[in-house]
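Visitor: I'm new to this one and would like a close look at a single part, the sheet and what surrounds it. Could you walk me through it slowly?

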Amino acid sequence: KLPGWGVFCGVNGARMEDMADFVEEMVTVLKPRAVVAVGGENDIAEINTVPEKAVQRFVEVLATHGVPLLILGCKPEPCTRALWPLYLEYDDVQRAAVDTHPTATFLDFWYMKNEKLYSHDELHLSKKGYDEWNT
């Protein structure tokens with residue numbers, strides 16, 4: 001659970017390239033104490049590839065400004081099983097990018113590979129899934 005402070009700057013449907021283009025302005029204007037980023041699923045759904053350079057650029061901008069980053073890995077949603085190999089590749093790229101910067105951390109979600117943690121649409125987390133995520 002996040003504390004009561006924070007600003008949501010995301011855009012539903014954004015890809016990592018969009019985030020990489022936006023992050024410099026966001027850091028300059030908002031001066032965040034930390035950033036939590038979710039990336040991967042939209043890139044894979046829309047362009048069916050892993051934008052390695054965009055991930056690296058996103059992480060590097062935050063590191064240059066000294067802003068701690070927590071980047072969340074892809075969730076293994078049951079309805080996206082066919083995309084899991086690309087999700088794993090994407091997570092490897094994110095993990096490699098954060099490993100080069102001491103202010104960045106990657107959070108792996110593959111421990112949530114349990115259909116009971118997802119709602120009936122097999123895409124979104126259920127209450128049980130969110131409870132697990134928050135532990």
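Visitor: To begin with, in what sense do S1 and S2 pair, and over how many bridges?

Guide: They pair in the parallel sense, over 4 bridges. Before we go on, bear in mind that this is a predicted model: local features need pLDDT of at least 70 and side-chain atom pairs count only at pLDDT 80 or more, while totals for chains, interfaces and linings use all residues. Residues are numbered from 1 along each chain as its sequence is written, and side-chain values use heavy atoms, with hydrogens and water left out.

A few words on the names. Helices (H or I, at least four residues) and strands (E, at least two) are DSSP runs, numbered from the N terminus. Two strands count as paired if DSSP finds at least two bridges between them. In general, strands of a sheet pair through backbone hydrogen bonds, either parallel or antiparallel.

Now the sheet itself. It's an open one with 3 strands in the order S1-S2-S3, paired in parallel. Strand S1 (35–38) and strand S3 (104–107) are the edge strands, each pairing on one side only. On average, neighbouring strands are turned by 20° against each other, direction ignored. Strand S2 (residues 69–72) is joined to S3 by 4 bridges, and these two run parallel. If you like to follow individual residues, try leucine 70: valine 36 has it as its bridge partner in S2, and leucine 70 also stands opposite threonine 105 in S3. Leucine 69 has a bridge partner in S3 too, namely alanine 104.

Look along S3 and you'll see the side chains alternate: Ala104 and Phe106 point to one face and are buried, whereas Thr105 and Leu107 point to the other and are not. Buried here means under 20% relative accessible area, exposed means over 50%, and partly exposed is in between (1.4 Å probe, protein chains only).

Next comes helix H4 (residues 84–99), which packs on the sheet and touches S2 and S3; its direction makes about 155° with that of S3. Contact means heavy atoms within 4.5 Å. For the angles, axes are lines fitted to C-alpha atoms, for helices over the stretch in contact, and angles run from 0 to 180 degrees between N-to-C directions. Among the buried residues of H4 are Trp84, Tyr87, Tyr90 and Val93. Their cover includes helix H1 (16–30), helix H2 (41–47), helix H3 (52–64), S2 and S3.

Let's stay with H3 for a moment. H3 and H4 pack at an angle of about 35°, and their axes are 9 Å apart. From H3, Glu52, Val55, Gln56 and Val59 meet Tyr90, Val93, Gln94, Ala97 and Val98 in H4. The residues of this contact divide into 6 nonpolar, 2 polar and 1 charged. Here Ala, Val, Leu, Ile, Met, Phe, Trp, Tyr, Cys and Pro count as nonpolar, Asp, Glu, Lys and Arg as charged, and the others, Gly among them, as polar.

One last stop is glutamate 77, in the loop between S2 and H4. Glutamate 77 counts as buried because its relative accessibility is 3%. Leaving aside neighbours within four places in sequence, its contacts include Trp84, Tyr87 and Glu122. Glutamate 122 sits in the loop between S3 and helix H5 (127–133), and is partly exposed, with a relative accessible area of 34%. Its phi is near 60°, a positive value in a residue other than glycine.
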